[in-house]
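Trainee: I'd like a close look at a single part of this one, the aromatic rings and whatever surrounds them. Could you walk me through it?

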Amino acid sequence: MSDSPRTPAGQWAGTVTHDGEVDDYTVTFQEDGSLVVVTQKSTGTGSWSVTGDGAFTFFLREEFNTDVTQISPTGFRAAYIKIGIEARLEDDAKFTGRGKAVVHGPDDTVIYATDAETDARRVP
């Protein structure tokens with residue numbers, strides 16, 4: 001019998017903390033390594049992969065909804081964020097992670113970057 005590595009495949013509800021703010025999100029990690037994230041202000045897609053026993057990384061591009069005017073801490077209008085997170089399954093129902101969020105303006109220029117921490121619980 002072979003042991004397959006634990007994966008985050010499934011749906012999760014979590015929070016991400018950055019710049020003194022806390023934002024809620026849901027993310028679905030698909031079996032094929034893709035992901036979809038939804039927040040109150042945005043949606044995004046990306047990919048994930050297992051990097052070790054209970055460890056995984058995920059990357060996504062999160063686009064702000066057209067009805068949202070998001071201004072970065074540097075005073076510029078934000079269009080999308082590229083996010084990279086190194087995460088660890090604490091058990092089959094919780095993960096935590098840390099990474100970087102790079103905010104881009106409508107013309108694709110980088111307008112801001114920040115550290116991010118996240119934790120999430122599996123949605124039954």
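Mentor: Let's start with a pair of strands and work inwards. Strand β2 pairs with strand β3 (residues 34-38) in the antiparallel sense, over 4 bridges. One spot to find on screen is T28, whose bridge partner in β3 is V36. Keep in mind that this is a predicted model.

Now step back for the frame. The protein chain has 10 strands and 0 helices. Of these, 8 strands close into a barrel, with antiparallel pairing, in the order β1-β2-β3-β4-β5-β8-β9-β10. Neighbouring strands of this sheet are turned against each other by 30 degrees on average, direction ignored.

On to the rings. A pair of aromatic rings is described by how far apart the centres are and by the angle of the planes. By the rule that centres lie within 6.5 Å, the count comes to 8 aromatic pairs. Take F29 and F56: their ring centres are 5.6 Å apart and their planes stand at 85 degrees, so this pair is edge-to-face, since planes over 60 degrees apart count that way. This pair links distant parts of the chain, because F29 belongs to strand β2 (residues 21-29) and F56 to strand β5 (residues 55-64), 27 residues apart. Both F29 and F56 are buried.

F29 has another partner to look at. With F58, the centres are 5.3 Å apart and the planes are at 75 degrees, so this pair is edge-to-face too. F29 lies in strand β2 while F58 lies in strand β5, so the contact ties together parts 29 residues apart in sequence. F58 is buried, as is F29.

These pairs are part of a wider group: ring pairs link W12, F29, W48, F56, F58 and F95 into a cluster. If you colour those six side chains, you can follow the cluster by eye.

There is also a charge to check against a ring. The charged end of R61 sits over the ring of Y80, 3.5 Å from its centre.

Finally, the chain as a whole. Of its 124 residues, 38% count as buried. Among contacts between residues at least 6 apart in sequence, 41% join residues at least 24 apart. The C-alpha atoms fill a box of roughly 55 × 25 × 25 Å along the principal axes. The radius of gyration is 15 Å, which agrees with the value near 14 Å that a compact globule of 124 residues would have.

Technical notes:
Residues are numbered from 1 along each chain as its sequence is written. This is a predicted model: local features need pLDDT of at least 70, side-chain atom pairs count only at pLDDT 80 or more; totals for chains, interfaces and linings use all residues. Side-chain values use heavy atoms; hydrogens and water are left out. Rings of Phe, Tyr and Trp (its six-membered ring) pair if their centres lie within 6.5 Å; planes under 30 degrees apart count as stacked, over 60 as edge-to-face and the rest as tilted. Helices (H or I, at least four residues) and strands (E, at least two) are DSSP runs, numbered from the N terminus. Buried means under 20% relative accessible area, exposed over 50%, partly exposed in between (1.4 Å probe, protein chains only). A charge sits over a ring if NZ of Lys or CZ of Arg is within 6 Å of the ring centre and within 35 degrees of the ring normal. Two strands pair if DSSP finds at least two bridges between them. Axes are lines fitted to C-alpha atoms, for helices over the stretch in contact, and angles run from 0 to 180 degrees between N-to-C directions. The radius of gyration is taken over C-alpha atoms; the globule rule is 2.2 Å times the number of residues to the power 0.38. Contact means heavy atoms within 4.5 Å.
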